[in-house]
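Please look through the structure shown here with some care, one question at a time. The turns that follow move from helices to a sheet and then to contacts between side chains.

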Amino acid sequence: MEATTAPAKIGSRTVAGLVAEFLARRGVRRVYGLCGGHIQPIWDEVARAGIQIVDVRHESAAVYMAQAQADLTGSLGVAMVTAGPGLTNATTGIANASVSRSPVLVISGRPPRPQAGMGALQDIPQGDLVRPICRRVEVVSERHHVLPRLEATVRAAEGVGTPAGPAYIDFPTDLLREVVTAADVDDRLFEPRVPEKPVPSQDAISRVAALIREGKRLLVISGRGAREASAELAAFLQTSGALYLDTTESRGVIPLNHPAAVPAARAKVMAEADMVITVGRKLDFQLAYGSPAVFSTDARFVRLGTSSDELSDNRRGDAELRGDVSATLKALLEAGAVPEQPDVAWIESMRAYNREKTEKFMTDLGKRPPGSDGRMHPQTLLAAVNEFIDGDTIVVADGGDILSFARAALRAETYLDPGALGCLGVGVPFGTSAALN
């Protein structure tokens with residue numbers, strides 16, 4: 001049984017109320033979750049604060065929804081799950097948000113402090129369980145720690161000083177019902193701090209600009225880190241004459257019909273480019289880890305990003321610039337990062353190859369015959385779906401092998417799918433969140 005505490009006086013602010021107030025003042029308008037006794041006090045206060053609660057049937061779906069909101073809007077997604085199995089159910093969603101580097105705050109409860117270590121209901125080492133897949137974990141036990149640790153957890157989720165991703169915080173139920181005092185509240189912590197946006201040194205920018213000037217066949221590949229740099233990336237592509245490939249995590253940053261975009265020539269352009277510029281993108285399995293078996297052995301890599309995994313994983317860059325992607329791209333252009341002798345014939349041939357392959361692919365999309373079992377080809381289905389896609393459409397793709405077809409065939413600028421972790425079952429939660437946001 002839970003230890004009981006004296007009920008709060010009418011009009012007094014409890015720890016649960018403080019948490020809800022923090023979320024509301026940080027602009028959180030929606031929380032996804034599944035209620036349970038250990039988080040009931042926060043659940044009630046969040047509702048009183050006017051924050052919409054989207055109730056789910058499984059906690060992992062709550063985290064998927066929070067991730068979809070974060071990916072679609074750039075705002076912090078918040079999931080609230082109860083202790084024990086509530087959190088264990090959520091771990092797959094947390095892992096997916098971690099691999100996707102999506103800013104998600106996960107809030108949970110735990111048994112009352114007097115029952116710690118006594119075999120209380122749903123008592124497991126929650127913080128230890130999720131620590132490997134979270135940017136920060138806080139297990140709060142004191143009133144005066146609530147705001148500073150909540151604020152630090154949100155900063156970690158949003159990627160201040162670390163890559164963005166899920167961060168976790170929990171509170172014992174008896175603490176949630178305690179009344180806070182003026183000494184427990186630092187009003188400054190309600191206000192978000194605008195993080196500094198570091199820019200590489202001018203010497204580093206100049207060295208990289210000089211390296212890019214030597215390239216003849218430029219290829220830019222974007223990732224999640226380019227999402228807030230759409231205008232700067234477009235300017236860089238136009239001025240430098242580079243060709244461009246997006247990835248699932250940066251779909252829509254540059255329009256699919258942009259002159260630099262050559263998605264249908266992906267394998268050919270990666271094999272032949274002599275200068276590859278990654279913008280906020282890891283070299284994971286989706287880019288063959290930067291392997292010389294896929295990229296030219298002579299290609300030089302310039303890597304831009306804010307974290308080590310965007311700068312040096314699997315294949316070190318010949319140059320690596322750590323800093324705000326928007327500011328870095330702008331600084332490179334100002335430093336004259338434009339090829340001195342671009343291979344114009346190659347650039348035009350890649351564009352022509354992309355046009356031809358795209359036109360043939362789209363023409364044939366709905367004409368593939370059924371398989372030997374008489375069932376339709378996946379492209380027949382996707383051709384029909386394309387008929388309903390316009391500029392406002394958000395496409396959510398779910399499944400296994402179908403994704404290989406969907407990523408190529410569906411002509412949507414805004415697109416979500418399971419991502420690098422490959423979680424099946426994101427479709428309904430992602431779609432629900434997309435409809436709400």
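Q: Which residues of helix α2 are buried?
A: In this predicted model, helix α2 covers residues 40–48. A residue counts as buried when its relative accessible area is under 20%. In helix α2 the residues that count as buried are P41, I42, W43 and V46.

Q: What phi does G50 take just after α2?
A: G50 comes just after helix α2, the helix of residues 40–48. The phi of G50 is positive, with a value of about 85 degrees.

Q: In what order do the six strands of the open sheet lie?
A: The sheet is open, and its strands show parallel pairing. Its edge strands, each of which pairs on one side only, are β2 (52–55) and β5 (137–139), while the twist averages 20 degrees from one strand to the next. Read across the sheet, the order is β2-β1-β3-β4-β6-β5.

Q: Which residue is the bridge partner of V78 in β4?
A: Strands of a sheet pair through backbone hydrogen bonds, either parallel or antiparallel. Here strand β3 (residues 77–81) and strand β4 (residues 104–110) run parallel and are joined by four bridges. For V78, the bridge partner in β4 is L105.

Q: What angle does helix α4 make with the direction of β6?
A: Helix α3 (residues 59–73) lies across β1 (30–34), β2, β3 and β4, and runs at about 170 degrees to β3. Helix α4 (residues 85–100) also packs on the sheet, where it touches β3, β4 and β6 (166–172). The angle between the direction of α4 and that of β6 is about 155 degrees.

Q: Which elements are among those that cover the buried residues of α16?
A: Helix α16 spans residues 427–436, and its buried residues are G427, P429, F430, S433 and A434. The cover over these buried residues includes β1, α3, α4, β12 (394–396) and β13 (414–416).

Q: Is the aromatic pair of F22 and F190 stacked, edge-to-face or tilted?
A: A search of the whole structure finds three aromatic pairs, and F22 and F190 form one whose centres are 6.5 Å apart, with 40 degrees between the planes. Planes under 30 degrees apart would count as stacked and planes over 60 as edge-to-face. With its 40 degrees, the pair of F22 and F190 is therefore tilted.

Q: How many residues apart in sequence are the parts that the pair of F22 and F190 ties together?
A: F22 belongs to helix α1 (residues 15–25), whereas F190 lies in the loop between α7 (173–176) and α8 (202–214). F22 is buried at 0% relative accessibility, and F190 is buried with a relative accessible area of 0%. Because of where the two rings lie, the pair ties together parts whose separation in sequence is 168 residues.

Q: Why is the pair of F295 and F301 edge-to-face?
A: Both F295 and F301 are buried, and the centres of their rings are 5.3 Å apart. Planes over 60 degrees apart count as edge-to-face. The pair of F295 and F301 is edge-to-face because its planes are at 75 degrees.

Q: Over which ring does the charged end of R25 sit?
A: Two arginines can be described in this way, and for R251 the charged end sits over the ring of Y415, 4.8 Å from its centre. The charged end of R25 is 4.0 Å from the centre of the ring over which it sits, and that ring belongs to F190.

Q: Is E151 buried or exposed?
A: E151 is found in helix α6 (residues 146–157). Leaving aside its neighbours within four places in sequence, E151 is in contact with F22, R26, L189 and R193. Its relative accessibility is 3%, so E151 counts as buried.

Q: With which side chain does the side chain of R136 make a polar contact?
A: R136 lies in the loop between α5 (126–130) and β5, and R136 is partly exposed, with a relative accessible area of 34%. Beyond its neighbours within four places in sequence, R136 is in contact with A152, T153, A156, P166, A167 and Y168. At 3.0 Å, the polar contact made by the side chain of R136 is with the side chain of E138.

Terms used. Residues numbered from 1 in each chain as written. Predicted model: local features only at pLDDT ≥ 70, side-chain atom pairs only at ≥ 80, totals over all residues. Heavy atoms only, no water. Phe/Tyr/Trp six-rings, centres within 6.5 Å; stacked < 30°, edge-to-face > 60°. Helix = DSSP H or I, 4+ residues; strand = E, 2+ residues; numbered from the N terminus. Buried < 20%, exposed > 50% of the residue type's maximum accessible area, 1.4 Å probe, protein only. Lys NZ or Arg CZ within 6 Å of the ring centre and 35° of its normal. Pairing = 2+ DSSP bridges. Axes fitted to C-alpha atoms, helices over the stretch in contact; angles between N-to-C directions. Contact = heavy atoms within 4.5 Å. Polar contact = N/O pair within 3.5 Å; in protein donor to acceptor, adjacent residues only side chain to side chain.
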